[in-house]
Amino acid sequence: MSDNLHPEGQNPMSAEELEAAAAANQSQLEAELAELKAKNAELADQYLRAKAEVENARRRADDEVAKARKFGVESFAESLLPVIDSLDAALAIQNASPEQLREGSDATLRQLVSALERNKVVAINPAAGDKFDPHHHQAISAVPAAQDPNTVVAVLQKGYAIAERVLRPALVTVAAPK
């Protein structure tokens, strides 16, 4: 006799009952398989959508970087246009007096400095006696002076920085050690 017991553990299962139990088990497994296949298809779809979304975001970011590179100086160029207009107007005056030329040059220089400052370009112009800073100054020579050593004696040429980054250091002479 077989060791197949009825689910209640009392009577042995008949062949029909075994077949029915196997069929029920198989249909349950098929249902689980169908559910897992559906879940797998859903996850695969979500993955593909997420992958496409990431690719689109990367493409948009690349486009924005390209536009920033291409048009990044647009604001700066716009702020320089009044300077060009002032220079054109000055050159259009036929018999300008030296005073008029000087006044126009001063006004144009103020416009240029203002345009640079609006675009975060600032002058590096240390005062006499300021401590020498090799990150912002370039020493051309050391000269004997009555002030502390390694301090700025004179500025030969202003330097410029843009947003904390030195474009050109200020050319200075420094006090020599005593």
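Here are some short questions and answers about a predicted model, looking at how its parts earn their labels.

Q: Why is Ala163 called exposed or buried, whichever fits?
A: Exposed is the label here, because Ala163 has 54% relative accessibility and the cut-off for exposed is over 50%. Ala163 sits in the loop between strand E4 (159–162) and strand E5 (165–168).

Q: What makes the phi of Ala163 worth a look?
A: Phi of Ala163 is near 45 degrees, a positive value in a residue other than glycine.

Q: How do you know whether Glu164 is buried or exposed?
A: Check the number: Glu164 has a relative accessible area of 79%. Exposed means over 50%, so Glu164 is exposed. Glu164 is also in the loop between E4 and E5, and its phi is near 70 degrees, again a positive value in a residue other than glycine.

Q: Why does Leu112 count as partly exposed?
A: Leu112 comes in at 30% relative accessibility. Buried is under 20% and exposed is over 50%, with partly exposed in between, so Leu112 lands in that middle class. You'll find Leu112 in helix H3 (residues 98–118).

Q: Which residues form a nonpolar patch on the surface?
A: That would be Leu109, Leu112 and Val113, with about 220 Å² of accessible area together.

Q: How do you know that E2 and E6 pair, and in which sense?
A: Two strands pair if there are at least two bridges between them. E2 and E6 have six bridges, so they pass, and the sense is parallel. As an example, Val143 stands opposite Ala175 in E6.

Q: What about E3 and strand E6: how many bridges join them?
A: Four bridges join E3 to strand E6 (residues 170–175). With a cut-off of at least two, that counts as a pair, and the two strands run antiparallel. Ala154 stands opposite Thr173 in E6, while Gln157 has Leu171 in E6 as its bridge partner.

Q: What makes the sheet order E2-E6-E3, and which strands are at the edge?
A: Three strands form an open sheet in that order, and the pairing is mixed. Strand E2 (137–143) and strand E3 (152–157) are the edge strands because each pairs on one side only. Neighbouring strands of this sheet are turned by 30 degrees against each other on average, direction ignored.

Q: Why is E6 described as mostly covered?
A: Five of its six residues are buried, and buried means under 20% relative accessible area.

Notes. Residues are numbered from 1 along each chain as its sequence is written. This is a predicted model: local features need pLDDT of at least 70, side-chain atom pairs count only at pLDDT 80 or more; totals for chains, interfaces and linings use all residues. Side-chain values use heavy atoms; hydrogens and water are left out. Patches are made of residues with over 30% relative accessible area and no salt bridge: like charges are joined within 9 Å, nonpolar side chains (Val, Leu, Ile, Met, Phe, Trp, Tyr) within 5 Å. Accessible areas come from the Shrake-Rupley method with a 1.4 Å probe; for residues, only the protein chains shown count as cover. A salt bridge is a side-chain nitrogen of Lys or Arg within 4 Å of a carboxyl oxygen of Asp or Glu. Buried means under 20% relative accessible area, exposed over 50%, partly exposed in between (1.4 Å probe, protein chains only). Axes are lines fitted to C-alpha atoms, for helices over the stretch in contact, and angles run from 0 to 180 degrees between N-to-C directions.
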